[in-house]
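Q: Please take a close look at the empty space in this structure. Walk me through what surrounds it, then turn to the backbone details worth checking.

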Amino acid sequence: MLNAEQIELLRKEIAPIVELSEIPESYGWPDQISMALVDAVFSIQAQYNPSHDFENPTGLLKRLRELKAAHPESIDDLASLVSLGSEELRAIMGDGKTSQESKADCVISAAENYLALGVKSSSDFDSRDAKHKKAYVSVRGLGPITYEYFTMLLGTPGVKSDTLITRFVNRTLRLEGSEALSSAGVREALVETHKHFPDVPLNAFDNMIWRYESSRSSK
């Protein structure tokens, strides 16, 4: 648990980021479970939108929009996503890997796990259900951090304490080595700091910091 001085350091660092950022009208892929799943898996160590142009994006966001345009029937239908198969996913999304596993194969495996639970669309999904979490994290290469991101993309408030967010927090707090916060510690720190920004939804708050750190790392 961070002390009040550390929370204040984070608040001061984040305040100008929030001030210069727009709160998006919508976040993620609400009511689009297939898009959320593909985004969560393919975002692992990926450049999301290196151009920072949301009208004409590059990187992962560009490929996600291409997938949605090519297969609109699949955006909230995991059975349809499975029918597409990993080869079609690779053709559009690329042949990325996570823990030496094909991201496309991970998506299909997770989708099949959900279908086995009777989860076909976003209306069937419950982020609080332990079985729904297990369906995701039991796939080799997928874990709890991107599972939370998956739930965030579907509308559940949360923090994706990935490499970029963790680096931002530890750099701000000047924590290194054994003192550096774990992803769980980073999540707790940002949830606490978010209390100072009540007008900003938690998902947008997380995304503002992520975008800032992503642009900083690409310079």
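A: **Pockets, cavity and two loop residues**

From start to end, the chain runs α-α-α-α-β-β-α-α-α-α-α-α. That comes to 10 helices and two strands, taken as DSSP runs numbered from the N terminus (helices H or I, at least four residues; strands E, at least two). The model is predicted: local features need pLDDT of at least 70, side-chain atom pairs count only at pLDDT 80 or more, and totals for chains, interfaces and linings use all residues. Numbering starts from 1 along each chain as its sequence is written, and side-chain values use heavy atoms, with hydrogens and water left out.

The C-alpha trace spans about 50 × 40 × 35 Å along its principal axes. Of the 219 residues, 50% are buried (under 20% relative accessible area with a 1.4 Å probe, protein chains only; exposed is over 50%, partly exposed in between).

Now the open spaces. The largest pocket has a volume of about 860 Å³. A pocket is an open set of points on a 1 Å grid over the protein atoms alone, with protein on both sides within 12 Å along at least five of seven lines; a cavity is a set where a 1.4 Å probe fits but cannot get out; lining residues have an atom within 4 Å of a point. Volume is the space filled by probe spheres set on points joined across faces, edges and corners.

The largest pocket is lined by 32 residues. Closest to its centre are Pro 24, Tyr 48, Phe 54, Asn 207 and Arg 211. Three elements give two or more residues each to this lining: α3 (59-70), α7 (144-153) and α10 (202-217). Helix α10 supplies the largest share, nine residues. By class, the largest pocket's lining has 15 nonpolar, nine polar and eight charged residues. Here Ala, Val, Leu, Ile, Met, Phe, Trp, Tyr, Cys and Pro are nonpolar, Asp, Glu, Lys and Arg charged, and the others, Gly among them, polar.

The second largest pocket holds about 400 Å³. Its lining has 19 residues, with Ser 43, Ile 44, Gln 45, Asp 162 and Thr 163 nearest the centre. Two or more residues each come from α7, α8 (163-172) and α10. This second lining divides into seven nonpolar, nine polar and three charged residues.

Next, the enclosed space. Across the whole structure, one cavity of 30 Å³ or more turns up. The largest cavity has a volume of about 30 Å³. Its lining is Ser 34, Met 35, Leu 67, His 71, Ser 74, Ile 75, Leu 81 and Leu 84. The elements giving two or more residues to that lining are α2 (33-42) and α4 (78-93). Five lining residues are nonpolar, three are polar, and none is charged.

Last, the backbone. Most residues other than glycine have a negative phi. Asp 31 has a positive phi, near 60°, and is not a glycine. It sits in the loop between α1 (4-19) and α2. Asp 31 is exposed, at 57% relative accessible area. Gln 100, likewise not a glycine, has a positive phi of about 65°. Its place is the loop between β1 (97-98) and β2 (101-102). Gln 100 is exposed too, with a relative accessible area of 71%.
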